[in-house]
Structures are given as C-alpha cells and as structure tokens.
Amino acid sequence: MTTPHPHAPNPSTRPPAYPSTHPPAHLSTHPPAYPSTPMLHPTPPLHHWLTKTLPDRTYALTRHLSRWQMLLLLACLGLLTKPLLVAHPAIWQQAIVAGLLIALGYSILHLEDGHAHSNGDRERLHLFMITLSSLTTLRYLYYRTRNTLNFDTPLDAIFSLLLYGAELYALGTLFLSYFQTLRLRDRSAVDLTPVPQAQWPTVDVYIPTYDEDVAIVRKTVVAAVAIDYPPEKKQVYVLDDGRKYPERRAELQAICDELGAKLLVRDNNDHAKAGNINTALERTTGDLVLILDCDHIPVRGFLQATVGFFLDKTVALVQTPHWFYNPDPFERNLLTQGQVPVGNELFYKVLQKGNDAWNAAFFCGSAAVVRRNHLLEVGGIATETVTEDCHTALRLHSLGYRTIYYDKIMVAGLAPEKFSAYVGQQVRWARGMAQILRLENPLFNRQLKLSLAQRVCYFSATSHFFFGFPRLMYALAPTLFLLFSINSVKGLGIETLFYALPHIVLSMQTNHIPYKRVRFSFWNEIYEFAMSFQAGIVTLLALVNPKLGSFNVTAKGLVVNQRTFDANSVRYLLVLGLLTAASLLAVPFWLLLSPEDTQAVLINALWCGFNLVLVLAACLVALEQPQLRRAHRLPRQLTAIIHSDGQSWTGKTIDVSESGAQVQLEEWPNVADQVWVELVGDYDGRVLLEAQIMRATATSRLETELAMDFINVSPSQADDLTLVLFSDVKEWYSQTRQEVDKPLRSLKFIATTLWRVFTDLQPATGQKMRKQVQAPVELAWEGWHGDSYLARVVEIGSRDLRLEVQNVSELDRATLLETFPTVGLLFLPSSELPQAQSIVAQVAQAIELPTLNGVEARLVLELTFPTALVNQQRRKIQTLLRSLT
C-alpha cells in the first residue's frame, strides 16, 4: 500500500471512478485543481538530490542501453575527465572533490540495493562503478607519481620505489579483478532426460588417495557408488598411491570389494596425484571421468546435473565448487561462528563465474567431470607444476575446447583443521601458480592459442599469489618512518590522504557489488597477512627456478584436543607485529621533537594502528582452538522421528553429525534417555540409529530440544548415515549466503577477535532426559537401621534414576546424606510390572525437601547404576523402562 502525498486531495472528494481504463473524451485527463489544498512538492535537501534523485534519474535514462553502448558512453565520458586526472587543486578543493566522489559511489550502491532487479541492471551499475573507480585510481596514481616519490636519500629512494612497486602490483590486481567480474555467468543444468539412456556417456569415478584415513575414503566411496546414474554406465575406482602402507591398501581392497568399487594401484609414485590419475586413464575406458578428492563426498545428483553439459562436443570440463563442512582455521580459531565468509567463497562464488563468462573457468583438481578423449589429447593431467589442475585447463583452452563452471555445491569436503596444514596447502597453490606463470607465460605466450580475455584471466590467477611482497611493504612503510625516519612517501599529509581516500573507498564500493556476500571488508588483508611471508618466499623461488618444490598432500581429519599456539607458522609475522607496536610508542616523541611533521606522524600512526589490528588477528589464526565435538555438526533440518516403547514423535534436526544430533520437537516426550531415532534425507533416504539423550531443553516457544549421541552404530548404519547426511542432499545450506558486508561492522568484528579468541568455550547445559513414572520400591542398604523403607521412583533412565522417600530416621538420614552408600531397590509388582525386579544403585546426591503446601517432608535421592554392574543389570533396566509408565 502506498502512502498518499501529505497535500493530496482527500480520496473521498474525488470524482467517481470510471469503469474503463481511460476517461471519456469530453473530460480532461488532468486532475481538478483544489485551491484550498494545492499539489505541493517540497524541494528535497541537496544531499538527497545528489545521492538519490540525480542517480535515480540517470539510471532511468541509461538502463535500456546495451552493454557495449554503455561501455562506449563511459569511454567518452572518461576522455572528458583528463583535466580532473591531472589537475592539482588546493587542499580544500581536493577535499570537496573527494567528498563528492565518495558520495557518488555511495549513491550507486544505494541504486544497486534498491533497483538492480536483474543481472543486467547489476552489471551496468557495476560497470559504471568500475569506470568511476578506475578514473579515481588513475587520478591518485598520477598524483602519487608526480608528487610523492622520495629521492632525498638513497635509503628513502629504495623504500619509496619498493612501496611504489607494491602499489603498482595492487593496482594491477585491482584492474584484473575488475575485468574478471565485469560479467558473472550463472548457469542452469542441462537436462539429460530427453536423451535415451542408451546414449548417455559412460562415466568413471576416480578417487585418488595416498595415506589418508581409510574411514574418510570409505565415506567418499559409499556416496560415489550411490550417485544416481545407470549402474551399467558408471564405475567407481579408488586410485591408491600408498604402496608404502600395505595394511592400509588391504583395508581399501576390502572396502572396494564390499561396496562394489575397484581398486587401482601402481608400482611408483611418479608425479603424485597427477601421475596417479594419468595411470588410471590408461587402464579405464569411460567417456567421462569424475575426479573426487578422497574426502570430497558427492551428492547423489552430481552426474545428473553435470553430464548434460557434455552434449556439446566442444566441452572438455565441467567444474563445480569445493565446499567444506568443517570450519577452516580462520573460522575455527578466530571463532567467527559462520558470520564471515570463508576464504574460498570469493573464488567459487564470484571469480570462477567471471572466468566462465570468458570461457576461462579452470580445473580445480576435484568435483569436476572431464571428457576423457580431450584430456588424453593434451597428454593427461599436467605434471610440470604442483598445481596440475589449473595447468591442465590452460592446455585444454589452448586447443580451443570449452570449460563450464556450474555453481552448485555438490561435494562436502574437509578443510585443513590446523593452521600449519592450511599454510602447506596455500604454499603449494602459490608455488604452482608461480610455476605456471614462469613456464607458460599465459599473457604473452603466442604458442598458447588463447583469446585475450582468457589470457587476462589466467594472468590474474597465476599472479594472485604474489601478494606477499606488497602486503609486507604496506605494513613496513609506516613502521620504517616512525622508527627509523625512512620516508617512503614524500610530503605525506592531509593532501595525500584526500587523494588516497577516494581511490580506496571507491575500490571498496566497486568490489562491494560482486563481493558483498562472499568477502567481507578487511578480511582479505587478514588472509594475506597470515600467508604473506610463506607466499612471498615460494613465489619468488618459483620464478627463479620453477622446478623447485614437490607436491605435498594436505593433512585432513586431524583433531585438536587443546588450545595451542603454532608460533612456528607465524614467527615472522610476530616480529612484524612487535615492530608495528613499537612504532606506535615513538609517536609522542615525534610530536614533541618534530612538530613540523605532525601530519605525516599522525597519518603513519593511524596506518600502523590499522596494520596492528590486522597483523594481530592474522597471528591469532595460529592459536589452535580445541574441538569440543567428536564430529563436525551440519546445520541441516532433516526430519527426525523419535521411537520409544511403541510411540513416535516427529521433529526436525537443528544440527546433525556422524556422532549425534540436536532434535526439536513440538512437545516434551515422556521417554527415557535411550531412544531410537530415524533420520530422513532430502530424497527419502533413511537411517535408524540408537541414541543416548544427553540433555533436554525447553524453549521459550514451548518446544523441546533434545541433544543426543548416536550409540552402538554398526558399519552398515554408518554407511546409511553417510548417505543421509552427505549424499541425500538437494541443496547444501551454504549455497547462498544472506548476510551482506558492512565495512564498519566487519572492522569492529575483527577488533573484537583480539579478546574473543581467549574465551573459554563451555559445553551446553540442559536437564537429564528421564522417563516420568510412579513406581513403588523398597529401599535398603548395608547397615541401615530397622525395616526397609517404602519409596517411590519418579524418574528413571538407562544410567540413573530419582526416588523420593519419607519418614527416614535421623540416623539413616545422616548416613544417606553423608556417606552416599550403595543401595538395593526392589521394584514391587504392579499392573505395569507383573514380577518384582531388584536393582543395585549408588547414591550420587541426597536432597532434603521441607514440608510445603501440605506435602510432608521427604528425602530425594539421585541414584546411578554402577558401571561394574552394567552388563548384569542391562536387561532388568530395559524391562523397567519398557514396562513403567
């Protein structure tokens, strides 16, 4: 419903409506004038006109232009901005220009949030922002080159040029990312059903493995065998390179025999994973090959969603996202609790889509389907570099073949648990990309038959991991000035800030459009700081000698039991942090002794303070947080049916793992702490498990949350659970993220990391789940005085119970309260319990309840069943739980 204008006529005084769309010809189409209530339109404030009205009208005029018309218009406007680029106005004038540019950028973001209802609209606004940001950046670069390079002393000159070079790299990376994100391609799956199944291509599923835990490999094999595809057209192969581990290989052979897969081995480990796959290519015959890392569990619909793309004979590869169901070291050690996108979301949710728009989406080593003949045509998986996947895609593109990126999460993998393992993985990628840049030179190598767009995309990918050098220079520049008077920026002051701020803010605003749900502000700096030294070293060495280094397998499935600090992985970063902190201590001395440098000192101090927060956050990633659960919980809402004593309650899981679940019910069930729970997947896959209820909680909405552990899980049940959790999935919950980046909120969240990581995590609390009963018993213990006491059991579970007893003598009361004896209980026969049952228990707690509302004083005893007697008493306890109501 729209709100009427405050000065509009009263609707009740308007002429009656006509049934036709247009009024009769003899009536004026203009509304009647009302002298007493004129149609006034107050002039909006200037800031509203600048940031909303003007951009809205400009957008309305240009939204119907084609992409190329828009690009031509922006290019013409860019030619008219030469005076703006080279002008050197007074500081106050530059401040006004900076404010207007930032306000204009903000207005475009407002338009994008409120008016961009299609990808075409969003692309036009993004293109405008790219143009505006690029011009502002070039303006800053012109000023930076002409006015701030410092050659006063040799030392100043060296570090001034190093910082300038770092900025040139950063600006080049910025423009490359702008190009990659000009268009983002969102694909839909190609339906296979119109094609007769007899004509569907055959598929070999490869699962390469080396020394990973057999239990991890088994889950992937179970799900791969269950992929929905004609059995006669699919074969699963486990490619084991672990010839050094004969016992493990025997276990893998047994798993393959049991599940219907085949084990392929070889006599050597040449070229690691790439050589393993190439050996398998010579021994299998499938038209297509699905490659899965041994910890990448596929959903059942993987092939149905990807094989259809291969109906186009020029398609050589279909890549899908990698997704990890456990938190990576940044998420776990910084305790972000899912509030911040993980590191790979930017690549898989944005950059690969941008690459796909230019036919430059590349192979990522797993979760991909490759056409066998095309792969053999380029000599199989590339072996010259340690990032064999990207290198292979480069060669496929060089032959003119197409690749597809389909943005649907269809594998659930394991991220490195420890920061050291994460570093090892990133170092391998950094080395491999630098090797490709050195060996293939994708930007200028004429032997590679690539389009210009493909060259740019590959150059962007292979040069990305050189971020270590510029990131360190950004951290060192203000520190060198404050500690050693080495001035990398001549005349640094308010004027420089007014040139730099529009460049920085507009680049953030421009990237906000494609990145706002996949990379939050300032987190990229934390990622880069954390890896800066290692990435800087390996990329430099790879450029000098691309044959240095070998393929290393990323450790998966590790367990962190206690909080530890991996100082070795961040030792250089710790030194950088100490230097940055020390430089802030020098600020008062600068202000006191050199007041003429106040502007430069304050700006460098702010720069150091910002760097220090990011460096400390990066260092704290190495503070390994303990894992409180045996298995990683997935926030999936599965149907869960609780079964107990012939009754059932249906609810939903809040989260679930291979070891337990939280289930939400609409009522409080009268059950003991051991039940059977049936979990139902998205495609009606089911698993029935015995569960121990650890705690129960009543919510504010009068619902019940049960936290339970799965117990006595057999191997077949574990396989069924794997399928329900990881295979029977229509869409993973992380396919889309609703949270949007807010720069100030993001910076605040980073700052709070500095004390949040030291919070001691406490297990959740709740009450025990026990069956409510009213069972008469006789209570006795060794050394009691007089006859046995008549008591009443009010709650009973599989491990403990609660009873109430009245009229206990003072002597016996003291015994129960102080010595906690072992007692005997005789459950008396009743309509529910035909025969008496005797149970031995241990007093764990005794509470005296006074007389209240006419109820006599009584003694409440919490009793536990002795562990030593579990086997002897299990059948009796189960009988009691089943019979008593």
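In the predicted model, 24 aromatic pairs are counted. One of them joins Trp 200 and Tyr 229, whose ring centres lie 5.5 Å apart and whose planes meet at 35°, an arrangement classed as tilted. Trp 200 belongs to the loop between helix H6 (154-180) and strand S1 (203-209), while Tyr 229 belongs to the loop between helix H7 (214-225) and strand S2 (234-240); the pair therefore ties together parts that are 29 residues apart in sequence. Both Trp 200 and Tyr 229 are buried.

Aromatic residues also occur in a cluster, which is formed by Trp 323, Tyr 325, Phe 726, Trp 732 and Tyr 733. The ring of Tyr 683 is involved in contacts with charge: the charged end of Arg 300 sits over this ring at 4.8 Å from its centre, and Lys 730 lies over the face of Tyr 683, 5.6 Å from the ring centre.

An open sheet is built from seven strands in the order S3-S2-S1-S4-S7-S6-S8, with mixed pairing. Strand S3 (262-265) and strand S8 (402-405) form the edges, each pairing on one side only. On average, and with direction ignored, neighbouring strands of the sheet are turned by 25° against each other. Within the sheet, strand S4 (residues 288-291) pairs with strand S7 (residues 368-371) in the antiparallel sense over four bridges; Leu 290 stands opposite Val 369 in S7.

Helix H8 (residues 246-259) packs on the sheet and touches S1, S2 and S3, its direction making about 150° with that of S3. Helix H12 (residues 345-357) lies across strand S6 (315-319) and S8, and runs at about 155° to S8.

Methods:
Residues are numbered from 1 along each chain as its sequence is written. This is a predicted model: local features need pLDDT of at least 70, side-chain atom pairs count only at pLDDT 80 or more; totals for chains, interfaces and linings use all residues. Side-chain values use heavy atoms; hydrogens and water are left out. Rings of Phe, Tyr and Trp (its six-membered ring) pair if their centres lie within 6.5 Å; planes under 30 degrees apart count as stacked, over 60 as edge-to-face and the rest as tilted. Helices (H or I, at least four residues) and strands (E, at least two) are DSSP runs, numbered from the N terminus. Buried means under 20% relative accessible area, exposed over 50%, partly exposed in between (1.4 Å probe, protein chains only). A charge sits over a ring if NZ of Lys or CZ of Arg is within 6 Å of the ring centre and within 35 degrees of the ring normal. Two strands pair if DSSP finds at least two bridges between them. Axes are lines fitted to C-alpha atoms, for helices over the stretch in contact, and angles run from 0 to 180 degrees between N-to-C directions. Contact means heavy atoms within 4.5 Å.
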